[in-house]
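Trainee: Could you show me how to read a structure like this one, step by step?

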Amino acid sequence: AEVKKIAVIAGDGIGPEVVAEAEKILKRTEELYGYSFETEHVLFGGIAIDEKGTPLPEDTLKVCKSADAVLLGAVGGPKWDSNPKELRPETGLLGIRKELGLFSNLRPAVIFDCLKDASTLKPEVLEGTDLMVVRELTGGIYFGEKFRREGEGGQEAVDTCVYNVQEVERIVRQAFEIAQKRRKKLASVDKANVLETSRLWREVVNRVAPEYPDVELEHVLVDNCAMQLLRRPSSFDVIVTENMFGDILSDEAAMLTGSIGMLASASLGEGSFGLYEPVHGSAPDIAGQGLANPIATILSVALMFRLTFGYDKAADAIEKAVAEVLDAGHRTADIAVDKSQALSTSEMGDLIAAAMK
Ligand code: NAD
Ligand code: IPM
Ligand code: MN
């Protein structure tokens, strides 16, 4: 079979720990299905600041651009938190998304039945929850002009939020298309009662909606959506929203699944190329202790197989293996009821790899 090139960014904190488990899954897939992956590890984030003086070195970007897909752990940590903007790991993350044209971030939140007791919500509220947050990833307040100035009340800080029609239209169309392949429901989330960017967003959604007559559309204000996600999570199918709202709502959606350690993501542009990473961060509070849940990163590999390589069977095998291992009662600490029985990061990765068939 054709060799697929994967740029691997382990990053900081628990990043290297969870990425190591995802790489076991790549290896196991080669053994089982005869596929072949060529992985290249590159420096990025805090570790790249330390070793190269910048969070996103030129050669890292070059390797990512020439790869078929990127697998990323997480970046950031207290060590770099008071650095100037250019020397922050998070700035590298925004840079790589922009440079690679990854405007669409898919964050599926699926409830594994046996994990209903791991969530802080009542099991009957969670019943049947299966939603996808489609987050705009290269625009909005993350990328608008930012500056400081002197004002009457002392120093002022300004973050600007900008969206143009083109940016909104491409993400909204993608969300409609995803909804057509799912339960055909789309919730467009904005703050159109206050924000001009949200009013533009809503106009675009309403203009393209007639082209997707089979999709039932609702507009939901973001504050109400945050509440409805906890009240009636199973009623959502696809949620499309701007960059910052998507960031916040997807962490909230993660908790429906029991842990942020369960939520995978795919960042896509126009073609099949994609960057795959867990939704969680570098978790400095548990880094280096083998406590991290590797499932979000492992499920991100399943998304890579399905969305970039078209390896649907291998993607199914990963998801089935995860379900099987969880069904058998295996847990990392974040999803365990009895923490004394919890598995380490690598024990969980080994079990999932072994369960693949
Ligand atoms: P976080 O997601 O790293 O951690 C939040 C909480 O969830 C912590 O208690 C952590 O222990 C727990 N957690 C996260 N992932 C887990 C896993 N796989 N298994 C078990 N528990 C897990 O968010 P934070 O603490 O707000 O941010 C820490 C750093 O990570 C910051 O520097 C932030 O900027 C960065 N960050 C990076 C990314 C990314 O690389 N994509 C995403 C989010 C945050
Ligand atoms: C995420 C993270 C990033 C974001 C940060 C670390 C820049 O929270 O991927 O969700 O806000 O996009
Ligand atoms: Mn986030």
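Here we go through domains, helix packing and ligand surroundings in turn.

Mentor: One thing before we start: this is a predicted model.

Trainee: Okay. Where do the domains begin and end along the chain?

Mentor: Look at the residue ranges, and don't expect each domain to be one unbroken stretch. Here domain 1 covers 1-102 + 263-357, while domain 2 covers 120-256. Their centres, taken over C-alpha atoms, are separated by 25 Å. Where they touch, domain 1 puts in seven residues and domain 2 puts in seven residues.

Trainee: Which helix gives the most to domain 1's side of that contact?

Mentor: That's helix α4 (residues 89-99), with three residues. If you sort the domain 1 side by class, you get four nonpolar, one polar and two charged residues.

Trainee: Now helices. What is the angle between α1 and α10, and how do I put a word to it?

Mentor: Take the two axes, then ask about distance and angle. Helix α1 (residues 15-33) and helix α10 (residues 295-309) have axes that come within 8 Å and cross at roughly 40°. Angles under 35 degrees would count as roughly parallel. This pair is therefore oblique. As for handedness, α1 crosses α10 in a right-handed way.

Trainee: Which residues make that contact?

Mentor: On α1 you'll find V18, V19, E21, A22, I25 and L26, and on α10 there are T297, I298, S300 and V301. By class, that contact of α1 with α10 holds seven nonpolar, two polar and one charged.

Trainee: How is α1 placed against α12: roughly parallel or oblique?

Mentor: Same routine. The axes of α1 and helix α12 (residues 345-355) are 9 Å apart, and the helices pack at an angle of about 15°. So α1 is roughly parallel to α12. This crossing is right-handed. From α1, the residues E17, V18, E21, K24, I25 and R28 meet T345, S346, G349, D350, I352 and A353 of α12. Sorting them gives four nonpolar, three polar and five charged residues.

Trainee: And what about α8 and α9, which residues meet there?

Mentor: V222, C225, A226 and L229 of α8 meet F245, L249, E252 and A253 of α9. Helix α8 (residues 222-231) and helix α9 (residues 243-256) have axes that come within 10 Å and cross at roughly 10°. That angle is why α8 counts as roughly parallel to α9. Their contact has seven nonpolar residues, no polar ones and one charged.

Trainee: Last topic, the ligands. How many residues surround ligand 1?

Mentor: For a ligand, list its neighbours, then sort them by class. Ligand 1 has 22 residues around it, and the closest are G76, G261, H280, G281 and N293. Its shell divides into 11 nonpolar, seven polar and four charged residues.

Trainee: Which residues are around ligand 2?

Mentor: You can name them in one go: G76, E90, L93, D247, V279 and G281. Sorted by class, the shell of ligand 2 has two nonpolar, two polar and two charged residues. Now look back at the names: G76 and G281 are among the closest residues to ligand 1, and G76 and G281 also sit around ligand 2.

Technical notes:
Residues are numbered from 1 along each chain as its sequence is written. Chains are lettered from A and ligands numbered from 1 in the order in which they are written. This is a predicted model: local features need pLDDT of at least 70, side-chain atom pairs count only at pLDDT 80 or more; totals for chains, interfaces and linings use all residues. Axes are lines fitted to C-alpha atoms, for helices over the stretch in contact, and angles run from 0 to 180 degrees between N-to-C directions. Helices (H or I, at least four residues) and strands (E, at least two) are DSSP runs, numbered from the N terminus. Angles under 35 degrees count as roughly parallel, over 145 as roughly antiparallel, 65 to 115 as roughly perpendicular and the rest as oblique. A crossing is left-handed if the near helix is turned anticlockwise from the far one by less than a right angle, and right-handed if clockwise. Two residues are in contact if their C-beta atoms, placed from the backbone, lie within 7 Å. Ala, Val, Leu, Ile, Met, Phe, Trp, Tyr, Cys and Pro count as nonpolar, Asp, Glu, Lys and Arg as charged, and the others, Gly among them, as polar. A residue is near a molecule or strand if its C-beta atom, placed from the backbone, lies within 6 Å of it. Domain bounds come from an automatic or database domain assignment.
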